[in-house]
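Q: Please take a close look at one loop residue with an unusual backbone angle, and then set it against the rest of the chain. Where does it sit, and what surrounds that part of the model?

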Amino acid sequence: MKLNMASVALICASMGRSGVVGAGKQKMHRKRTFIGEVKNKVHNHLTESKKSHSASFSFYSPTCGSNPSLNIYQAFTRTPTLRRALVVGTTSQRLSFSTDSTIRRRRARPSNASLKEKCSTIPGYFDGAVVGATTSLKSTTEDQTETTSVASEGGSAAETLFPNAGKNVLDLPPRMRFAPSPTGSLHVGGARTALYNWLVAKKGQLDFGESSDGAFVLRVEDTDIARSTKESENEVLGDLSWLGLNWDEGPDMPLAKYGPYRQSERSTLYSKIAQTLIDEGKAYPCFCTPDELEEMKVKQEAEGIPPRYDGTWRDADPEIVAAKIAAGDPYTVRFKVPPGARVVINDAVRGTVSWDAEATVGDFILLRSSGVPVYNFCVAVDDASMGITTVVRAEEHLTNTLRQGLILDGIGAPRPRYAHCSLILGEDKQKLSKRHGATSCNQFRLDGFLPDAMINYLALLGWNDGTENEIFSRDELIEAFDIDRIVKSPSVFDMDKLKWVNSQHLKKMDIEEILDLVEEQLNFMSMIKEDSDDEKTRDFVFASTALAKQMMETLQDAASNAKEVLGYNLPASFEELTDGSEAKEMVKMGNFYAVSMKLLEMIESGSFPMPDSNNLLAAFMDGSNKAIVEDNQLGGDEKSYPQEYKATMKSIAKEMNVKGKCLFHPVRLALTGEMSGQDVTKQLSLLTMAESEGSVVNAESADVVPFNARMERLKSFCESIPEEFRVSEKNKDKKAKEDSKKGGDAKKESEAATPAAASSAPAVVDPLD
């Protein structure tokens with residue numbers, strides 16, 4: 001026999017009171033007297049009933065939340081909200097109360113524990129709030145946090161199925177989850193969601209210890225059978241691994257405590273809970289056909305009513321339902337939304353959000369006619385059965401919280417804390433998509449971004465630590481991250497900002513730390529032969545990295561720069577140079593032709609220094625064999641190739657009476673085909689690595705132009721230079737002065753010779769003589 005609130009009301013009425021809450025504003029001593037009177041009456045009623053009934057007793061009271069342990073003794077609480085809830089509830093609802101877990105716990109109010117203990121000593125009494133009892137909606141307020149408690153008779157089963165039952169999620173080690181659908185690759189938004197969950201979980205493990213139940217859970221939501229693929233799942237898992245967001249529990253650990261972790265492998269659990277809801281009257285079979293549902297929708301739209309299920313089968317005759325099931329008629333399972341139900345959450349990001357459940361969704365489907373569970377049912381059951389304490393996800397999932405909250409309340413499981421993050425936008429302020437460029441994590445990996453730089457930048461897309469700092473290491477992010485500092489406004493994805501963040505991380509890393517990542521980029525571009533010599537490969541990767549380290553924004557820059565260095569862009573003729581280009585204007589100045597001819601002369605005679613094939617890394621390392629990353633720093637010792645090259649340049653400058661850019665620009669263009677770039681000795685050393693015998697470089701993919709081929713092209717180019725541009729302006733002026741001087745000397749000599757010639761000429765004889 002059970003004593004419901006109607007019986008309690010009768011007891012109170014027999015005492016001359018209007019109801020249990022009638023003493024709400026009376027003085028404390030009168031309240032204590034009233035409590036004692038009610039307790040005595042209840043005790044007497046139970047004692048009399050027990051004589052004729054052997055069944056156990058339980059109290060039922062109106063529901064205002066999630067705490068199934070809140071019963072008769074809480075009718076005398078000092079909290080007005082609870083007292084009002086007792087009045088507006090129905091006798092078929094169990095009293096429970098909680099606030100959303102985003103509200104920080106305040107100073108504890110006076111406890112009712114002593115009264116609960118006294119009630120528990122009454123013969124035949126047990127707490128009626130057990131799993132399986134009728135449950136209604138949670139009601140969220142801002143002034144108190146209560147938790148679910150489970151009676152001893154049903155507690156062990158409930159706690160096994162829902163590990164957070166009877167606990168406050170704020171007091172538990174964070175169990176965070178990332179639940180991707182394997183229908184494509186992992187994109188920026190999903191990666192940020194995974195990161196935020198991972199950061200909270202890792203921080204919790206530091207606070208509670210790794211031996212605690214706190215974890216980052218990876219759950220695969222593959223109920224979309226038509227679109228879900230194993231390939232997509234592997235891509236997502238690979239992207240998470242690349243980002244370093246390693247999970248503590250996941251699909252590769254099916255035997256873990258809360259496994260399996262694919263929804264497709266948990267169908268038995270969903271069916272079992274759906275049947276339990278049906279048995280408890282919280283769900284029911286619906287035999288409406290698609291045509292009937294469409295007709296219902298059209299009719300509601302015509303009447304200006306938001307389309308929703310009208311409850312045709314909600315209160316159907318059980319015999320009719322049983323007969324149709326026996327006949328094999330297809331049916332869905334719908335959740336029975338309690339009349340007047342309202343779901344309220346206090347979102348960590350968006351604040352208080354509420355829905356009128358009955359008006360918004362109506363009785364929604366839990367299981368399709370095929371038996372396949374719908375998304376929201378799976379999510380709610382999984383969050384409860386895996387002990388998830390906090391759900392961080394994108395704001396587009398906010399509306400799903402309504403259905404999930406109803407389901408969690410229906411199965412008697414506590415709700416997790418919710419935090420719905422704003423969307424990430426492109427620079428045009430539209431939702432980020434493929435039209436904005438790279439959005440998948442794999443593409444960022446191919447483009448040469450560091451995993452640590454990616455999570456640094458992703459963390460900043462909606463969060464900050466309250467300082468001006470924008471560069472964080474992984475450990476610093478774990479220490480600084482707090483859900484309460486996630487901002488509500490949307491964030492704009494800025495590729496230039498990401499590159500800057502990446503460059504800052506690269507600058508903090510030694511060459512040795514990024515060699516493997518640069519090698520990966522070189523392989524992406526097929527610049528290294530397969531099955532090549534490991535030592536030679538390592539030397540080429542090292543040289544490519546050292547050459548670009550100072551100017552790198554991404555890892556790809558090292559590979560693309562190496563390819564540019566191995567190429568040679570000097571055209572075959574002067575006419576092919578772009579009019580107005582820096583190179584063409586420089587050639588017109590006249591120094592290029594003379595310097596190039598001098599270089600060709602020295603190269604043909606073998607007097608021009610070239611990299612030592614036995615020590616090709618000399619240009620990239622100083623005398624102490626430490627890597628050089630500053631472009632203005634010359635490598636090697638006094639007898640090495642870089643020093644020999646430097647001495648040669650000084651000799652040419654002295655011989656040709658040219659210096660500065662008048663010498664170095666022509667030399668660079670002649671040898672490398674570019675007007676600017678890294679140190680020439682480093683470039684020629686890398687080229688020698690690429691074209692030497694047994695090279696690991698794939699010459700075709702790397703677009704290698706060998707040194708001898710360069711010099712042949714240089715000859716052809718020089719031959720095409722017009723005569724007017726083969727002499728520098730300085731030399732033209734010098735020649736003009738020399739010619740002018742020579743002309744003046746010749747004139748003086750001519751004038752001096754004229755009188756002498758006249759005096760020495762024979763006299764003309766006068767004919768008259």
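A: Helices here are DSSP runs of H or I with at least four residues, numbered from the N terminus. With that in hand, N657 is found in the loop between α23 (641-656) and α24 (661-672). The model is predicted.

Start with the backbone. N657 has a positive phi of about 60 degrees, although this residue is not a glycine. Now the surface. The relative accessibility of N657 is 51%. The cut-off for exposed is over 50%, so N657 counts as exposed.

Next, a contact that involves the neighbouring position. V658 is touched by N591. N591 also touches C662, P666 and S728, leaving aside residues up to four places away in sequence. N591 itself lies in helix α22, which covers residues 591-605. Its relative accessible area is 11%. Buried means under 20%, so N591 is buried. N591 is buried, whereas N657 is exposed.

A second non-glycine residue with positive phi is D703, at about 55 degrees. D703 is placed in the loop between α26 (699-702) and α27 (707-720). Its relative accessible area is 44%, which makes D703 partly exposed.

Another backbone feature is a cis peptide bond. The bond joins G259 and P260, with omega about -5 degrees. P260 belongs to the loop between α7 (230-243) and α8 (267-279).

Then the cysteines. A search of the whole structure finds zero disulfides. C286 is in no disulfide, and the nearest cysteine sulfur, that of C288, is 3.8 Å away. Seen from C288, the nearest cysteine sulfur is that of C286, 3.8 Å away, and C288 is in no disulfide either. A disulfide requires the sulfur atoms to be within 2.5 Å, so the pair does not qualify. C286 counts as buried at 2% relative accessibility. C288 counts as buried at 15%.

Finally, the whole protein. There are 28 helices and 13 strands. Of the 769 residues, 49% count as buried. Take contacts between residues at least 6 apart in sequence: 76% of them join residues at least 24 apart. The accessible surface comes to about 37,300 Å². Carbon and sulfur atoms account for 50% of that surface.

Back to the loop in question. N657 combines a positive phi of about 60 degrees with 51% relative accessibility.

Note on methods:
Residues numbered from 1 in each chain as written. Predicted model: local features only at pLDDT ≥ 70, side-chain atom pairs only at ≥ 80, totals over all residues. Heavy atoms only, no water. Helix = DSSP H or I, 4+ residues; strand = E, 2+ residues; numbered from the N terminus. Buried < 20%, exposed > 50% of the residue type's maximum accessible area, 1.4 Å probe, protein only. Contact = heavy atoms within 4.5 Å. Areas by Shrake-Rupley, 256 points an atom, 1.4 Å probe, with all protein chains shown as cover.
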